[in-house]
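The following exercises concern backbone geometry and helix packing. Each is followed by a worked solution.

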Amino acid sequence: MPDLTRGAPPPVLYLPRPSTWLVWHDYLFRPGQRVIDLACGEGRHALKAAQWGANVVGLDADESKLEIGREAATRLGVTVDFRCVDLIDTWPELGTFDVVMLFNYLDRPRMPEVRNLVAPGGLLIMETYLEWQRTQAWGPTSDDHLLEPGELAQLAAPLEPIHGREVFEPVENNKVRAVASIVAQRMHA
């Protein structure tokens, strides 16, 4: 029986759960794939991809959030290459990836750069808020950060849509969010 009198137990690891969109598409991830999570925050999606065996790079401008992700990776026993990069500025040379993930972040002028990160045969898995989110009284309200209905597939083009949706979806704390989601593939060159 463990001796519970020696020191306090480690703090509980809490990160928000990954998007259901990512979890539904777990079958698309294979060990050894190169995956990038843009605007990763604390890394909830990057960490999940690493748990599935992917080699993951996570980019975000907030070093304090990246530190939380690094601690979580250590506690989970996975490796994620978390890098502090301001996605508004010039991006470093990153190469291409088997899977590019982008959740809850929208920068329309940068979509060509996002698409260029997808290797031939690779995937873009993206999800962000629709303009209908305004009716929920929480979340983004600026047109710059909200998609119009049908817009996400246009932003992903010329990548070929495999699966997409536009929904009101329940989330934590009895909230509902309005999101558009897509999995799109770069056809082989």
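**Exercise 1.** Against which helices and strands do the buried residues of α2 pack?

Solution. The model under study is predicted.
Step 1: locate the helix and its buried positions. Helix α2 spans residues 44–51, and its buried residues are His45, Ala46, Leu47, Ala49 and Ala50.
Step 2: list the packing partners. Among the helices, the buried residues of α2 pack against α1 (20–24) and α3 (63–76). Among the strands, the partners are β1 (34–38), β2 (55–60), β3 (80–84) and β4 (97–103).
Step 3: inspect the residue that follows. Gly53, just after α2, has a positive phi of about 100°.

**Exercise 2.** Determine where Asn104 lies and whether it is buried, partly exposed or exposed.

Solution.
Step 1: place the residue. Asn104 belongs to the loop between β4 and α4 (111–116).
Step 2: read the backbone. Its phi is near 55°, a positive value in a residue other than glycine.
Step 3: classify the accessibility. The relative accessible area of Asn104 is 29%, so the residue is partly exposed, given limits of 20% and 50%.

**Exercise 3.** Repeat the analysis for Asn174.

Solution.
Step 1: Asn174 sits in the loop between β6 and β7 (175–185).
Step 2: its phi is near 60°, again positive in a residue other than glycine.
Step 3: the relative accessibility of Asn174 is 82%, so the residue counts as exposed, the cut-off being over 50%.

**Exercise 4.** Which peptide bond is cis, and where does its proline lie?

Solution.
Step 1: the bond from Ala157 to Pro158 is cis, with omega near 15°.
Step 2: Pro158 is in the loop between α5 (151–156) and β6 (160–171).

How values were computed:
Residues are numbered from 1 along each chain as its sequence is written. This is a predicted model: local features need pLDDT of at least 70, side-chain atom pairs count only at pLDDT 80 or more; totals for chains, interfaces and linings use all residues. Side-chain values use heavy atoms; hydrogens and water are left out. Buried means under 20% relative accessible area, exposed over 50%, partly exposed in between (1.4 Å probe, protein chains only). Helices (H or I, at least four residues) and strands (E, at least two) are DSSP runs, numbered from the N terminus. Contact means heavy atoms within 4.5 Å.
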